[in-house]
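Please walk through this structure, beginning with its sheets and ending with its ligand.

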Amino acid sequence: MIVIAGAAGNVGGKIAESLVAKGHRVRLIGRDRGKLAGLIARGAEAAVGDLGDSAFLTNAFRGADAVFVLIPPNVGADDFRAYQNRIGESIAAAVRNSGVQYVVNLSSQGAHLSKGTGPIVGLHDQEARLNSLPGINVLHLRPTYFMENLLMNIGLIRKMNIMGSAVRGDVRFAMIAARDIAAYAAERLVKRDFSGASAVDLLGQRDLSLNEAAAVIGKKLGRTDLTYVAFPYEDAEKGMTAMGLSADISRLYIEMSKALNEGLFAVNIPRTKENTTPTSIEKFADDFAAAFRASETGSRKIA
Ligand SMILES: NC(=O)c1ccc[n+]([C@@H]2O[C@H](COP(=O)([O-])OP(=O)(O)OC[C@H]3O[C@@H](n4cnc5c(N)ncnc54)[C@H](OP(=O)(O)O)[C@@H]3O)[C@@H](O)[C@H]2O)c1
């Protein structure tokens, strides 16, 4: 039995798809049974509850050969680090109390740093928290910037024909598709070939800049004039709070963008066969185009 937290999410959802398709016994954790219905219909179990509820989580982990865990983003949290600590402590207690031996933890590039990386500092702390559990085999996945982050530009493209964020357009860094993280995680959850505490970098197919990513996506959308714009930090922070993100997480996202701009993480990491994964930005651009078209149908429906 493999237990997957965040099973309705980017990475957990794809791990679940892959394991169910291969006939593995899986238990999915999420707060909304409806979002898991497709996988339940194909034989998955569901444990519906909150990751912050350690008693619930301990029961959900019981009997598992391995668990996949993460601290999901909560962009409404007034104190994001306190939120991360609460969920992180609940996960660690549930691992300890359930008797599970193998844990694959979704961490991040930059989690080796203890400050200056915004929300990633909470993942640094979570790695340490899980490493301190005696007798547990824990593998931390340290993926780079998700290509899925680019989907947040759909509204901007529609309104202004630009993509943008506080990250500079010309910095080349690693970008990865969530499906590659999921494929890697699924394999390690099944093989359980790790012992003690270890971490692995996952860097996607190649390094590229946001200018390059925008050009590939623009071409796929038939908008060859689509450009990427780096917003001043203050404007980007105000934009995030205007979109409903808490002031605290907006500030932390800016700190993370600065760290990326200054090359503190995900930049110039030596590539190996092990840390390089298959999905290219050109391939991801097909998914982007599909999401873009779906948003058009959605907006017409709303209109
Ligand atoms: N984006 C990046 O570039 C990047 C890069 C490196 C690492 N990361 C890390 O990756 C993680 C996010 O992974 P992801 O994108 O797969 O997450 P995601 O898509 O946001 O999925 C998380 C899922 O967890 C569930 N969830 C949220 N809060 C919950 C709670 N309190 N209790 C139970 N379930 C809850 C949600 O489903 P329900 O609402 O149905 O419960 C959601 O679908 C974060 O830790 C982030 O720091 C991200």
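The paragraphs below take the parallel sheet, the helices on it, the second sheet and the ligand in turn.

This is a predicted model. Its parallel sheet is open and has 7 strands, arranged in the order 3-2-1-4-5-6-10. Strand 3, residues 45–48, and strand 10, residues 197–202, are at the edges. Each of these two has a single partner strand, so one side of each lacks a neighbour in the sheet. On average, neighbouring strands of this sheet are turned by 20° against each other, direction ignored.

At the strand 10 edge, the partner is strand 6, which covers residues 137–143. The two are joined by 6 bridges and pair in the parallel sense. One residue pair places this in the sequence: V138 has A197, in strand 10, as its bridge partner.

Helix 7, residues 178–191, packs on this sheet. Helix 7 touches strand 1 (2–4), strand 4, strand 5, strand 6 and strand 10. The direction of helix 7 makes about 170° with that of strand 6. Helix 5, residues 120–131, lies across strand 4 (66–69), strand 5 (102–106), strand 6 and strand 10. Relative to strand 6, helix 5 runs at about 165°.

The second sheet is also open; its 3 strands stand in the order 7-9-11, with mixed pairing. Strand 7 and strand 11 (207–208) are its edge strands, and each pairs on one side only. Strand 7 runs parallel to strand 9, residues 173–176, and 2 bridges join them. Here F146 has I176 of strand 9 as its bridge partner.

F146 also leads to the ligand, as one of the closest residues in a surrounding set of 25. The others named as closest are N10, R31, I71 and N149. Strand 7, residues 145–146, supplies at least two residues of this shell, and helix 1, residues 10–21, likewise supplies at least two. By class, the shell consists of 12 nonpolar, 9 polar and 4 charged residues.

Which atoms of V11, I71 and N149 lie by oxygen atoms of the ligand? For I71, a backbone N or O atom lies 2.7 Å from a ligand oxygen. For V11, a backbone N or O atom lies 2.9 Å from a ligand oxygen. N149 instead places a polar side-chain atom 2.7 Å from an oxygen atom of the ligand. On its own, the ligand has 930 Å² of accessible area, and the protein covers 83% of this.

Note on methods:
Residues numbered from 1 in each chain as written. Predicted model: local features only at pLDDT ≥ 70, side-chain atom pairs only at ≥ 80, totals over all residues. Heavy atoms only, no water. Pairing = 2+ DSSP bridges. Helix = DSSP H or I, 4+ residues; strand = E, 2+ residues; numbered from the N terminus. Axes fitted to C-alpha atoms, helices over the stretch in contact; angles between N-to-C directions. Contact = heavy atoms within 4.5 Å. Near = heavy atom within 4 Å. Polar contact = N/O pair within 3.5 Å; in protein donor to acceptor, adjacent residues only side chain to side chain. Areas by Shrake-Rupley, 256 points an atom, 1.4 Å probe, with all protein chains shown as cover. Nonpolar A, V, L, I, M, F, W, Y, C, P; charged D, E, K, R; others polar.
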